[in-house]
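Please read the following report with the sequence and the coordinates open beside it. It starts from a single residue and works outward to the chains.

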2 protein chains.
Amino acid sequence: MAERSENGRKNDPEQTKEDILLVATQEFSTHGLAGARVDSIAEKTRTSKRMIYYYFGSKEGLYLAVLEQSYRKIRSLESDLHLSNLEPEEALRTLISTTFDHDEANPDFVRLVSIENIHHAAHMLRSEAIRDLNVSVIETIAGILERGFDHGIFRRKADPIDIHMMISAFCFFRVSNRYTFGTIFRRNLSDGDTIERHRGMIADAVVSYLKS
Amino acid sequence: MAERSENGRKNDPEQTKEDILLVATQEFSTHGLAGARVDSIAEKTRTSKRMIYYYFGSKEGLYLAVLEQSYRKIRSLESDLHLSNLEPEEALRTLISTTFDHDEANPDFVRLVSIENIHHAAHMLRSEAIRDLNVSVIETIAGILERGFDHGIFRRKADPIDIHMMISAFCFFRVSNRYTFGTIFRRNLSDGDTIERHRGMIADAVVSYLKS
DNA sequence: CAAAATGTACTAACTAGTTCGTATGTCAAG
DNA sequence: CTTGACATACGAACTAGTTAGTACATTTTG
């Protein structure tokens with residue numbers, strides 16, 4: 001096991017990169033791309049600014065790395081659900097709950113996506129990796145909708161991307177607009193009861209829409 | 001009518017302020033608070049940077065003025081609808097269409113709200129004006145829901161703020177996340193057919209939720 | 001003329017990115 | 001199992017360019 005030498009230094013590239021990414025995620029998500037300070041990130045790291053440029057090349061390079069890592073973390077979640085074994089309605093409700101809980105648990109991710117939208121998704125466009133990720137969700141939804149329609153449970157033939165958007169919109173907005181919404185209506189959206197009510201609400205809304 | 005003098009200068013404080021605000025709205029909404037450049041705003045104005053500081057004191061002061069003006073522009077819209085004359089369901093559908101069209105027509109506003117959320121709504125908190133604006137929407141929705149429930153049209157007793165959030169979420173997300181969503185799913189959300197379909201979709205979803 | 005409105009040119013502070021030098025790990029040769 | 005040479009990993013201090021904000025002078029307007 002590698003120990004620290006007298007002056008405290010020890011080479012551990014993987015750990016160093018992880019450390020930088022963790023701090024940078026926090027900084028970018030709370031200050032935006034332009035608002036984030038490389039010096040500030042460096043300070044909070046156990047390494048130096050030099051290493052940020054050594055590993056990530058530039059501020060934008062670091063930002064892109066943060067964005068990619070955030071998207072990569074989600075991929076695993078949805079594919080682990082095995083929704084095809086469930087009844088269509090239950091499958092849909094499970095998928096919605098998962099999306100809901102993910103956004104609720106990952107405000108940093110939500111904020112990064114908001115930031116990326118402010119920049120017209122310019123960085124995402126340049127990243128091959130990110131674009132391919134969300135495709136599987138659509139296939140999952142398409143399957144559920146088809147089965148539901150065939151079983152006569154859903155009366156409406158809806159477009160899977162539209163349904164995904166409907167779900168995402170609600171789950172995402174709750175987190176992304178938490179502060180302005182909370183300020184205007186004096187309501188704490190991270191409150192336990194509210195979370196429970198909203199989780200059920202979006203599921204009921206989507207299901208009743210498909211059944212009507 | 002005031003004419004320009006020989007060197008081209010003419011005093012017109014109101015026009016100058018309006019001009020600055022217009023340019024600043026554009027700049028802040030496309031670059032964010034930190035990303036916006038005061039010099040860049042000044043250049044695009046027909047006046048100078050000096051005047052920005054003369055009228056708005058600081059970059060943040062200008063940002064706050066932009067934010068307040070954007071919110072003020074909406075207030076008039078909703079109060080002009082006279083929804084109490086309409087049947088509950090039609091009233092609700094009209095309100096939803098109005099919200100939908102507003103967000104679709106005002107991407108700058110949507111982006112400013114997103115930006116404000118990244119800053120934890122810190123500036124909005126300091127502005128007395130903004131907080132009071134959206135209260136009337138809730139009263140309108142509350143009235144519609146109550147009438148609908150009494151008439152037996154809506155089977156579900158829902159919280160008006162929740163319903164407002166459901167509507168806002170969908171309308172807002174379509175615009176705020178247009179770029180990332182469009183990039184991932186290769187879909188243009190500003191396309192005419194898509195707009196029509198989504199406008200109907202959110203209305204149907206809310207109505208069927210309340211009826212179920 | 002006085003007050004309000006405006007333009008020009010400047011500055012102090014900040015910030016992304018770099019330079020230069022040092023430490024650490026590893027792997028082959030002795 | 002040392003040694004030493006080379007690549008990788010790292011730190012401190014510096015720099016060039018940018019940016020929010022200002023001092024000072026001038027013009028317009030009532």
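## A buried asparagine and its surroundings

Once its neighbours within four places in sequence are left aside, A:Asn177 is in contact with B:Val113, B:Asn117 and B:Phe172. The model is a predicted one, and in it A:Asn177 is found in the loop between α10 and α11 (178–185) of chain A. Is this residue buried or exposed? A:Asn177 counts as buried because 25 other C-beta atoms lie within 10 Å, where 20 or more are required. Within its own chain, A:Asn177 is 63 residues from A:Ser114 in sequence, while their C-alpha atoms are 9.8 Å apart in space.

The contact between the two chains takes 42 residues from chain A and 42 residues from chain B. On the side of chain B that touches chain A, at least two residues each are supplied by α1 (13–35), α6 (107–118), α7 (122–126), α10 (160–176), α11 (178–185) and α12 (192–211) of chain B. The largest share of that side comes from α10(B), with 10 residues. By class, the side of chain B that touches chain A is made up of 22 nonpolar, 14 polar and 6 charged residues.

Helix α1(B) departs from a straight course: α1(B) has 23 residues, yet its end C-alpha atoms are only 27 Å apart, short of the 33 Å that a straight helix would reach at 1.5 Å a residue. Where does α1(B) bend, and by about how many degrees? The bend is about 80° and falls at B:Ser29, a residue that is buried, as are B:Phe28 and B:Glu27, among others in α1(B).

Within chain A, the domain assignment gives domain 1 (12–57) and domain 2 (69–211). Their C-alpha centres lie 29 Å apart, and 7 residues of domain 1 of chain A are in contact with 7 residues of domain 2 of chain A. The side of domain 1 of chain A that touches domain 2 of chain A has 3 nonpolar, 4 polar and no charged residues.

As to confidence, the mean pLDDT of chain A is 90, and 92% of its residues reach 70 or more. The table sets out the extremes among the elements of chain A.

| Element of chain A | Residues | Mean pLDDT |
|---|---|---|
| Helix α8 | 128–133 | 74 (lowest) |
| Helix α10 | 160–176 | 98 (highest) |

Over residues 1–7 of chain A, pLDDT stays under 50, and the model has 4 contacts beyond four places in sequence for this stretch.

How values were computed. Residues are numbered from 1 along each chain as its sequence is written. Chains are lettered from A and ligands numbered from 1 in the order in which they are written. This is a predicted model: local features need pLDDT of at least 70, side-chain atom pairs count only at pLDDT 80 or more; totals for chains, interfaces and linings use all residues. Helices (H or I, at least four residues) and strands (E, at least two) are DSSP runs, numbered from the N terminus. Ala, Val, Leu, Ile, Met, Phe, Trp, Tyr, Cys and Pro count as nonpolar, Asp, Glu, Lys and Arg as charged, and the others, Gly among them, as polar. pLDDT is the predictor's confidence in each residue, from 0 to 100. Domain bounds come from an automatic or database domain assignment. A residue is buried if 20 or more other C-beta atoms lie within 10 Å of its own, exposed if 12 or fewer, and partly exposed in between; C-beta atoms are placed from the backbone. The expected span of a helix is 1.5 Å times one less than its number of residues. The bend at a residue is the angle between axes fitted to the seven residues ending there and the seven starting there.
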